[in-house]
Amino acid sequence: MTEKRQFQAIKGTRDILPAESALWNWFEQTAREIFETYGFRDIRLPIFEETWLFARSIGEETDIVSKEMFTFFKRSEPEESPKDLMQRLARQPARDLREEDLRALGDLLTLRPEATAGSVRAYIEHGMYTQPGNVKLYYIGPMFRRERPQKGRYRQFYQVGAEVLGPSDAPAIDAEMLEMLLVFFERVGLTKTTLYINSIGCHECRPKYVELLREELRKVKDQLGADSQRRIETNTLRVLDSKLPHEQAIIEKLPRISERLCEACREHFAKLKDELKLRNIAYQENWRLVRGLDYYTRTTFEVTAAGLGSQNAVCGGGRYDGLVELLGGPAGIKGIGFAIGTDRAILSLQESGHLPRLPSLEVFVAWMGATAYPVAVGMARKLRARGFSVELPPEEMKFKKSLGLADKLGARYALIIGEDEAASGTYTLKRLADAQQQKFSESALLEHLVSERGQGR
Ligand code: HAM
């Protein structure tokens, strides 16, 4: 029976059609080129990992882990739901986990909601900590979160991310990473951006601050919305992130982490700001920038861009100095990274209208006549070998129709090959924008096209 229903892409996913994918490829290629000049190398990670990896690193109480992950079972489905299983096991110290619990955990898989956890897992698994200096990685690919879809927010979205892992946590690493990010944004024409930075302290000073914050928040609990009320106990820092208008005045009066940082964190943050000034990087401090993932320590940052409405963060990142150890790697390894939301960056570029001129169809070979065809096939191959994008009609067409199609396809030139041209070895090249025509021998034609392209015409 034939299918009557029209299939559609799943809500929150989309097709990037060729008209747009050229822009995406250029964006990602530019990131590769720039990141490589800063010593970063490509890492290709699996699309799914153990659920537990994300729960441990991003944090069980975060929005991502508690409600946005696409999780499935490797084998048959057990009676206990993934959520119940994780919540039960999260409450137990790792050493008390029973073998069957560990097996059940290993059976639970999740489509990656981000790639820092996977990068750190790979770093540990392949003993990359034995490499000299810091290891610099970048990745490009899809991520998955079950969020409510809207402009700039999808369930399958794409990130271009970078991570630095190694023994050093020098603020110059943070600053150089931000320099690379902004050089990239400038190169692609994403100029109306703002960089926000913050320090959220370390395992020494943050717990004390969180305790104080919790105490203060409990005092004003009744004035807060349901989400914030819950977060006071489960994920206190995230209350600072609230967007609810009536909570803003309350939050403004809360104690700020910048006043509670330990000496080492305060110094790290001060040095980071010096390093940014040294590099002429403009930034704004935002003490409420706590980020939605639990692994951060010290530096956190976000970049917003114009033209995006409420989903205006095009990049987020920060330091995660304890994560390697937390995931079973050696102690003393530090980390920092960021991820750019490609969907949003591209949207912002499109809204600004600053789009590059990307390669399109260059030569349409308009041929007519049995003796012209083999010559046309040969010319198309030679032009393609020189890197030109060429369209060769598979069936004979009248010249008028051929030229009309060349125009519709947006070709820059039509190369006209009829029986006379085939016999004489001289071809007519028509520039479609102004209908200017010139005759060339084969070698002169190739030379002409190469030189026109060299001059960007
Ligand atoms: P994140 O802030 O969760 O950080 O995501 C980074 C960026 O991905 C966001 O700023 C946004 O542009 C984009 N993004 C996130 N969710 C969506 C969505 N549903 N639809 C469209 N775009 C989205 C991380 O993922 C961290 N792993 C970044 C990092 C790397 N931190 C350290 N290293």
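# Contacts, burial and rings

Mentor: A polar side-chain atom of Tyr296 sits 2.6 Å from a nitrogen atom of the ligand. The model is a predicted one.

Trainee: What makes the pair of Tyr296 and the ligand a polar contact?

Mentor: The cut-off for N and O atoms is 3.5 Å. The gap here is 2.6 Å, so the pair counts as a polar contact.

Trainee: Which atom of the ligand is 2.9 Å from the side chain of Arg291?

Mentor: An oxygen atom. Its partner is an N or O atom in the Arg291 side chain. At 2.9 Å, within 3.5 Å, that is a polar contact.

Trainee: What part of Gly341 is 3.4 Å from a ligand oxygen, and how do you know that this counts?

Mentor: A polar backbone atom of Gly341. The distance, 3.4 Å, is within 3.5 Å, so this pair counts as well.

Trainee: How much of the ligand does the protein bury?

Mentor: Taken alone, the ligand exposes 660 Å², and the protein buries 96% of that.

Trainee: Which elements give two or more residues to the shell around the ligand?

Mentor: Strands β6 (156–166), β10 (313–319) and β11 (334–341) do. The biggest share comes from β10, with six residues.

Trainee: How many residues are around the ligand, and which come nearest?

Mentor: There are 27. Nearest are Glu114, Glu147, Tyr154, Tyr296 and Ala313. By class, the shell holds 12 nonpolar, eight polar and seven charged residues.

Trainee: Where is Ala313, and is Ala313 buried or partly exposed?

Mentor: Ala313 is in strand β10. Buried needs under 20% relative accessible area. Ala313 has 22%, so it counts as partly exposed.

Trainee: What separates the C-alpha atoms of Ala313 and Gly152?

Mentor: 9.4 Å in space, and 161 residues along the chain.

Trainee: Back to Arg291. Where does Arg291 lie, and how do you know whether it is buried or exposed?

Mentor: Arg291 lies in the loop between β8 and β9. Its relative accessibility is 14%. That is under 20%, so Arg291 counts as buried. Its phi is near 70°, a positive value in a residue other than glycine.

Trainee: Which other residue has a positive phi, near 60°?

Mentor: Ala435, again a residue other than glycine. Ala435 is in the loop between β15 (426–431) and β16 (436–441).

Trainee: Why is Ala435 called partly exposed?

Mentor: Partly exposed runs between the 20% and 50% limits. Ala435 has 44% relative accessibility, so it falls in that class.

Trainee: Now the rings. How many aromatic pairs does a search of the whole structure find?

Mentor: The search finds 12 aromatic pairs.

Trainee: Why is the pair of Tyr295 and Tyr320 called edge-to-face?

Mentor: Two values decide. The ring centres are 5.7 Å apart, within the 6.5 Å limit, so the rings pair. The planes stand at 70°, over 60 degrees, so the pair is edge-to-face. This pair links distant parts of the chain, 25 residues apart. Tyr295 is in the loop between β8 (284–285) and β9 (297–305), and Tyr320 in the loop between β10 and α12 (323–326).

Trainee: Are Tyr295 and Tyr320 buried or exposed, and what makes them so?

Mentor: Tyr295 has 7% relative accessibility. Tyr320 has 1%. Each value is under 20%, so Tyr295 and Tyr320 count as buried.

Trainee: Which residues form one aromatic cluster?

Mentor: Phe27, Phe35, Phe40, Tyr138, Phe184, Phe185 and Phe338.

Trainee: How do you know that Arg14 lies over the face of Tyr154?

Mentor: The distance limit is 6 Å from the ring centre, and the angle limit is 35 degrees from the ring normal. Arg14 is at 4.1 Å and is listed as lying over the face of Tyr154. Arg453 lies over the face of Phe388, at 4.0 Å from the ring centre.

Trainee: What makes Ala55 and Thr62 buried?

Mentor: Ala55 lies in helix α2 (residues 51–58). Its relative accessibility is 0%, under 20%, so Ala55 counts as buried. Thr62 lies in the loop between α2 and α3 (63–67). Thr62 also has 0%, so the conclusion is buried.

Trainee: How many residues of the protein count as buried, as a percentage?

Mentor: 48% of the 457 residues. The secondary structure comes to 17 helices and 16 strands.

Technical notes: Residues are numbered from 1 along each chain as its sequence is written. This is a predicted model: local features need pLDDT of at least 70, side-chain atom pairs count only at pLDDT 80 or more; totals for chains, interfaces and linings use all residues. Side-chain values use heavy atoms; hydrogens and water are left out. A residue is near a molecule or strand if one of its heavy atoms lies within 4 Å of it. A polar contact is a pair of N or O atoms within 3.5 Å; within protein, one must be able to donate a hydrogen and the other to accept it, and residues adjacent in sequence count only if both atoms are side-chain atoms. Accessible areas come from the Shrake-Rupley method with a 1.4 Å probe; for residues, only the protein chains shown count as cover. Helices (H or I, at least four residues) and strands (E, at least two) are DSSP runs, numbered from the N terminus. Ala, Val, Leu, Ile, Met, Phe, Trp, Tyr, Cys and Pro count as nonpolar, Asp, Glu, Lys and Arg as charged, and the others, Gly among them, as polar. Rings of Phe, Tyr and Trp (its six-membered ring) pair if their centres lie within 6.5 Å; planes under 30 degrees apart count as stacked, over 60 as edge-to-face and the rest as tilted. Buried means under 20% relative accessible area, exposed over 50%, partly exposed in between (1.4 Å probe, protein chains only).
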